[in-house]
Amino acid sequence: MRLFDTDKFNEIWSTISRNKVRSFLTGFGVFWGLFMLIILISIGSGFRNGITSIISGFSINSVEFWTYKTSEPYKGYKSGRWWRMDNRDIENIRQKCPSVEYIVPMIYGYSERGIVRGNKTGSFRYFGTNADYFKIQKTALFAGRLLRETDEEAKRKVCLIGYEVYETLFEPGEDPIGQYIRIDGAYFQVVGLIGRYGSSSMGMDLENRIIMPMKTMQYVYGRGITFNNLVCSAKKGYSSTAMQQEVEAIIKAAHDISPTDPKAVRGFNIEEQFNKLMSVIGGINLLTWIVGLGALFSGVIGISNIMLVSVRERMREIGVRRALGATPATILAQIISESFVLTAIAGIIGFLFGMGVVAVLESAMAEAQNSGTGLPFMPAISFGTAVGCLVILILSGIFAGILPAYRALKIKAIDAIRDE
């Protein structure tokens, strides 16, 4: 018994070839349906991959806080009062908020051509923080070390520099560790060379930043005990929303702000925003599947229709074969095989074209991202998913041939021979 009957296939192909235009148009519908399904799925995955890339390396269960003027009078203070968070808030949160795991204060600075090493200068932003920053935000460390708790407590004048800062202030191949740079008149020793981990670093590109201990920055540049922003992450088992409410209450109580003031303490809940984005992406993915499957099954319906027309046109042939003793199983196999072959050929071409286009798009986006000009969008579809779509298409094509096949079985030999 032969696994592949060449004569049978030639017979089926001959039947399909007799209606070239109709077969081509129907096959194109199947090709286009699978092609669009693969492209749409890859686009949906691209959006999801982009969002994941943006927050990669960053603790999602975090909330960023910053200050704004009060909007309600409280304890003798009028509304519209400006205020600042300070170091005492950090200790209060540690003592009173059990849901918080890491507390990261942030204080910012910018130097216009004030970053100097020898005869080289640069304009860069710098900020002060603590060692917990690197527990919330993963950071690529190329050389040296990260900040330590002892650096802040001892107010050491040490810093980490991004790779762009290194390229501006140092010679190629030069070891920056242990070297000194002047930042707005104060000298700091470089203890680490850092870069981004993923596509985002708490809204900043660490490649062109300088990081120093926060208390050192407060002391050296006369910032007192205040800072700009505060980032807190929730412990495992606690929701970021509940943590956010607790932290806001503690800060408001410490600064005599009305507990009901909606504006004085601003917060950006990263987990909530991430979940909203993923819900939108989930909706987009569902829509792409619906549209893609709709296009796919419209092609399958076209296969069923062309097979019905084919059966009607071949009534005489089918009748003669029935009169010569062809069994119902033979007729069924003939019609379903024709549907299968037409669907499989068009589907495989659509599969190959779809995967080819996705591969080209993926390569182009990867090159754009490597050059720093692309968005964090990476269209992709797994080979297994694409093959699954092809299998669904071929099975649907087989089912599409069942109705025409049963229609052929109802043809009586004598009526078919009389048919003009």
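How accessible is Lys-215, and does it count as buried, partly exposed or exposed? At 24% relative accessibility, Lys-215 counts as partly exposed. The legends below start with this residue and its partner, and they all describe a predicted model.

**Close-up 1. Glu-153 and Lys-215 meet in a salt bridge.** Here the N to O distance between the two side chains is 3.6 Å. This pair links distant parts of the chain, with Glu-153 in helix H5 (residues 149-153) and Lys-215 in helix H7 (residues 214-220), 62 residues apart. Glu-153 has a relative accessible area of 55% and is exposed, while Lys-215, at 24%, is partly exposed.

**Close-up 2. Asp-256 forms a salt bridge with Lys-75.** The N to O distance in this pair is 3.6 Å. Asp-256 sits in the loop between H8 and S12, and Lys-75 in the loop between strand S1 (62-67) and strand S2 (85-86); the two are 181 residues apart, so this is another view to follow along the chain, linking distant parts of it. Lys-75 counts as exposed at 56% relative accessibility, whereas Asp-256 is partly exposed at 26%. Take a look at the backbone of Asp-256 too: its phi is positive, about 55°, although the residue is not a glycine.

**Close-up 3. Asp-184 has a positive phi.** You will find Asp-184 in the loop between strand S7 (180-183) and strand S8 (186-195). Its phi is near 50°, and the residue is not a glycine. With a relative accessible area of 36%, Asp-184 is partly exposed.

**Close-up 4. Asp-132 and Lys-135 are joined by a salt bridge.** The side chains come to 3.5 Å, N to O. Asp-132 counts as buried, because its relative accessibility of 10% is under the 20% cut-off. Its partner Lys-135 counts as partly exposed at 44%.

**Close-up 5. Arg-145, Asp-151 and Arg-156 share a network of salt bridges.** This view shows the three residues linked together. For the wider setting, a search of the whole structure finds nine salt bridges.

**Close-up 6. Cys-97 is a buried cysteine without a disulfide.** Searching the whole structure gives zero disulfides. For Cys-97, the nearest cysteine sulfur belongs to Cys-232 and is 7.2 Å away; a disulfide would need the two sulfur atoms within 2.5 Å. Cys-97 has a relative accessible area of 2%. Cys-389 is buried as well, with a relative accessible area of 2%.

Conventions: Residues are numbered from 1 along each chain as its sequence is written. This is a predicted model: local features need pLDDT of at least 70, side-chain atom pairs count only at pLDDT 80 or more; totals for chains, interfaces and linings use all residues. Side-chain values use heavy atoms; hydrogens and water are left out. Helices (H or I, at least four residues) and strands (E, at least two) are DSSP runs, numbered from the N terminus. Buried means under 20% relative accessible area, exposed over 50%, partly exposed in between (1.4 Å probe, protein chains only). A salt bridge is a side-chain nitrogen of Lys or Arg within 4 Å of a carboxyl oxygen of Asp or Glu.
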